[in-house]
Amino acid sequence: MYSSEEIAVTARPAGRSALRMGPAELVQAAAMARRFYLEGKSKIQIAEEFGVSRFKVARVLETALERDLVRIEIRVPAELDAERSDALRARFGLRHAVVVESPAEAEESPDPENLGEVAADLLGELVNEGDVLGLAWGRSTIHMAAALDRLPPCTVVQLTGVYDAGTAERGSVEAVRRAAQVSGGEAHPIYAPMLLPDPATAAALRHQTGIARAFDYFDKVTVACVSIGSWEPGISTVHDMLSDEERAHYASLGVAAEMSAHLFDTQGRRVGRDLGERCITVEADRLRRIPEVVAIAGGQRKAEAIAAVLRSGLVTSLVTDTAAADQLLASQPGQRPALDRADPDD
C-alpha cells in the first residue's frame, strides 16, 4: 500500500530505437504489453492468444521495455521516502522500514504524530485474522492506536503497565481498547503502573487476576508495537519516573536507550536489568520470540537510541522519519542483522 506503479503502454515509437520496429511488430508488442502489465495475464496465456511460444512473449516484453514502448513509473505518497526506507531496511537487516518525511517544524520533536498514522496503516498490512497484537506504552503507540481505522479480527493485549495509573484512560489502556474496538476482538488491558517502588510489589501485582491474564497472552503475541526513548528528560518514560539518584546510577552503566522499561547501551546490550524486576512489562526474552516487533520512533534526538535498540535484536521493523533515518544510515549497524533475533550479550 506504500507504493504504486503507473504503466503506460503505447504503439507509437517513443524513442529512436523503436523506429526499427515495423508497424506490425509495434502493434503486437503493445498488445502483449497491455495484456501483461495492465490486464495481469501470464506469459503462457498471452502466448496461447497470439499463437507463439512463451519465450517469444518474454522477448517481446523485454524489447518493449528496452525500446521505450512501455514506461514504468514507481510513485509513493509524497510523505514517504522509499529510497531511505529501503536503505535503512538493508543496513540494519530489518523486515520492514518505513521512513516518513519529517515536517520542517518538527525535526527536533520526538515521535511526530504522523509516524503513528503511518504505523497504523502498516499494522493494517501486518496483522492477520486470529493474530494477537501487543501494544507497549509510548506516545507513538498511542498516536498509532488513535489513527487506526482498520484491523482484521484479532486479540489485543497490553505489554506494559501505564506511565501513570491516573492517566490510563488517555494512555495505553485506551490504546488497547481502541485497537480492539477497530478489530472487533478481545482487549486485555493492564490496570497498573509500569514502575513500582520495589520488586516485591511488582511481583504481587503480576499475580493479580487481570494482570496475570494479560501476561498469559505474552507468549501468544504475533505482532507487537513498541516505542523507543532516549535517556534524557521528556524523551524516556522510565527516565522521568526515576529519582535523580537512580537516573545517575543507570547513566553510569552507559544506558543510551529505553524500550518497554528495558535499558540498552549504545551497542544494544541490556544494562540495569534490576530495573525490570520493579516493572510491569513484557520480558525481553519474550519480546525476542515475537515474530514481528514494530518500533515507532523518530526525531534527531532519538536517532542514537533507535540505533541502540536495533542492535539489540529485539526489533524486526521500524517506522521513523527522515531526521532520524539520516543519522541511522550514517551509524554502524549491529554485528548481526536484526532479523537474526540474536542476543547481543551472547
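Which residue meets the side chain of R288 in a salt bridge?

## A bridge from helix α12

The partner of R288 is D343, and the N to O distance in this salt bridge is 3.8 Å. R288 belongs to helix α12, whereas D343 sits in the segment after α14 (322-330), so the contact ties together parts that are 55 residues apart in sequence. Keep in mind, as you look around, that this is a predicted model.

Are these two partners buried or exposed? R288 counts as buried because its relative accessibility is 14%, under the 20% cut-off. D343 counts as buried too, at 17%.

## D219, R286 and their network

Helix α12 (residues 284-289) also holds R286, which forms a salt bridge with D219. The closest N and O atoms of that pair are 3.1 Å apart. Here again distant parts of the chain are linked: D219 lies in the loop between α9 (209-216) and β7 (223-227), and 67 residues separate D219 from R286. With a relative accessible area of 18%, R286 is buried.

This pair has company, as D219, E283, R286 and R289 are joined into one network by salt bridges that share partners.

## D265 with R269

Another salt bridge brings together the side chains of D265 and R269, at 3.1 Å from N to O. Its two ends have their own settings: D265 is buried at 10% relative accessibility, while R269 is partly exposed at 37%.

## The overall count

How many salt bridges does the model contain? The count comes to 15, and the pairs described above are among them.

Notes: Residues numbered from 1 in each chain as written. Predicted model: local features only at pLDDT ≥ 70, side-chain atom pairs only at ≥ 80, totals over all residues. Heavy atoms only, no water. Salt bridge = Lys/Arg side-chain N within 4 Å of Asp/Glu carboxyl O. Helix = DSSP H or I, 4+ residues; strand = E, 2+ residues; numbered from the N terminus. Buried < 20%, exposed > 50% of the residue type's maximum accessible area, 1.4 Å probe, protein only.
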